[in-house]
Amino acid sequence: MASPLVIRNVTSKPIELKRCEYHGMAPSLSRGGLTNISHNVTSLFRSATSPAEAPVSEPTNSFVHQDVSIRVEPFTSIQTDIRPQSTNETIHLTFETEGEQHVLDTPTPTSNSTVLKPLSENPRFNYTAVHLLEQSHLTLYSSANLQTWMRSLRDDTPLSALSIPGTHNSPTCHKALPSVRCQATSPPEQLDNGVRFFDIRVQLEAPEDPTKDGLILVHGVFPISLTGTKYLRGLIDEVYAFLDRNPSETVIMSLKREGTGNGTDAQLSRILKDHYAGDLSRWFTAPRIPYLGEARGKIVLIRRFGLDDSLRQEWGGAGWGVDAENWADNTPNATCPSGDVCVQDFYEVLETVNIEKKIQYSQEHLERAAKCVCALPAPDQLAGEPPPKQPFYINFLTASNFWKVGCWPEKIAAQLNPAIIDFLCRKHNEPGAGGSDQSGDGSTGIVVCDWVGYKGNWDLVRCIVGMNAKLEMREQGL
């Protein structure tokens, strides 16, 4: 027999289930419960670029209905006392928040992403639902506009306090050698769908000539495309274009030197300063984590490279860029000496059986980020002292083994991404789940993904963005 349905509210407002209508087979009812909501984890989301609403049936053909009153407070879960009886029925659910009703039919007739349909014009609230069928678990999120999801957050929010979706080897969306390609979509599409962290690896094209700005995009020693060399300049122009259209947003860019040749970190740092990141209206290059207000409309530099001696004197002798130079290799948990970055980057998944270990490390890093409580400063501190120290928690959901097909990036992502969606929906910052005591803001930190957006599935991104709700509630004084 199926487990009783659990409803989780990951929004800042109480949500009440008011009515259930069953089309098809009659359910077995008991007090205040809810029956089968059949759908997989990928189908109850709205794409930011195609915001289709879920088709909702008219209730005139209801086989049976039940008025209920199941109130779910913010950031809590309720276990109902009704178990699903059949997968051959459609259920019409009516939820209410402050007198405003939203409805959802499950299962939906399409695998495209959907949102709950508001029953009033110009609704104040919009909701997205994720149903984990096997676990009989329904999670409700606020529906953010993924193109501009940072707009609702206060300027005096330290950037490290946010839940931020990211991509690993972000521009590797081209035809390439096995294990080189890590992404299903282009960087502009990633940005339009909520990604705000790019992981970039470059090779110096002419390291001995400081007048040349050529930086080739690579993954390890390999070019990212078999159809022609791709350059950092083109990627930067795409990021600028996005930020020009969406000035409320910021993009964090981690840069590292890889590839072949004799270039040095010092040479890379000079090329970046002289040809790319010298414009402070476009880049944030101070050696500290900024407030969101300082970073809007800009690229925030995280450097995984050493500096030329001249750049060590930047910013009053403090250096240049957020310092992640001494990044521990293949680690389940390590903090850079600067204290600005705490990373999980265990990537040597040599056999498919090790994928479970990678999932465990990823979940543990989510828990570390969730326990942090952001010290929100007064707005007049923006021009003064930096935010209280809270590192970027950077969590790579990525790994590969070139020599084993089952451990190529897309194969690992096919297991990692759904596992993390499940964890975020059922356990992240949930009291008693996954070791959490819900004492923190529930942030995910920066979650760095492979193959996100594959076949239009941005579910993982929306789950990560949705975890900003508790911090937003604190910022609003609720």
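**Entry 1: overall make-up.** I began with the secondary structure of the protein, which comes to 9 helices and 21 strands, and I noted at the outset that this is a predicted model. I then looked up how much of the protein is covered, and found that buried residues make up 56% of its 478 residues. For the accessible surface I wrote down about 18700 Å², of which 48% belongs to carbon and sulfur atoms. I also looked at contacts with a separation of 6 or more, and residues 24 or more positions apart account for 74% of them.

**Entry 2: one residue in a strand.** I picked T94, which is found in strand β5, and asked myself whether T94 is buried or exposed. At 8% relative accessibility T94 counts as buried, because the cut-off for that word is under 20%. Setting aside its neighbours within four places in sequence, I listed what T94 is in contact with: E16, L17, K18 and R19, and also Q101, H102 and V103.

**Entry 3: salt bridges.** How many salt bridges does a search of the whole structure find? The search gives 28, and I followed three of them in detail.

The pair I took up to begin with was E98 and R124, whose closest N and O atoms are 3.0 Å apart. E98 lies in the loop between β5 (90-97) and β6 (100-106), while R124 lies in the loop between β7 (117-118) and β8 (127-132), so the salt bridge ties together parts that are 26 residues apart in sequence. On accessibility, I noted that E98 is partly exposed, with a relative accessible area of 47%, whereas R124 at 52% counts as exposed. I also found that E98 and R124 belong to a network of salt bridges in which K13 and E100 are linked with them.

I went on to D274 and R270, a salt bridge in which the closest N and O atoms are 2.6 Å apart. Where do D274 and R270 sit? Both are in helix α3 (residues 265-275), and because they are 4 residues apart there, about one helical turn separates them. D274 counts as partly exposed at 44% relative accessibility, and R270 is also partly exposed, with a relative accessible area of 25%.

The remaining pair I followed was R474 and D441, which form a salt bridge with their closest N and O atoms 3.0 Å apart. This pair links distant parts of the chain, since R474 is in helix α9 (residues 469-475) and D441 is in the loop between α7 (409-426) and β21 (446-449), 33 residues apart. Looking up the two ends, I found R474 partly exposed at a relative accessible area of 32%, while D441 counts as buried at 5% relative accessibility.

**Entry 4: cysteines.** I searched the whole structure for disulfides and found 0. As a reminder to myself, a disulfide is a covalent bond between the sulfur atoms of two cysteines. Why does C342 not take part in one? The cysteine sulfur closest to that of C342 is in C336, and at 8.6 Å it is too far for a bond, because a disulfide needs the two sulfur atoms within 2.5 Å. I then checked accessibility, and C342 counts as buried at 5%, as does C407, for which the relative accessibility is 0%.

Methods:
Residues numbered from 1 in each chain as written. Predicted model: local features only at pLDDT ≥ 70, side-chain atom pairs only at ≥ 80, totals over all residues. Heavy atoms only, no water. Salt bridge = Lys/Arg side-chain N within 4 Å of Asp/Glu carboxyl O. Helix = DSSP H or I, 4+ residues; strand = E, 2+ residues; numbered from the N terminus. Buried < 20%, exposed > 50% of the residue type's maximum accessible area, 1.4 Å probe, protein only. Contact = heavy atoms within 4.5 Å. Areas by Shrake-Rupley, 256 points an atom, 1.4 Å probe, with all protein chains shown as cover.
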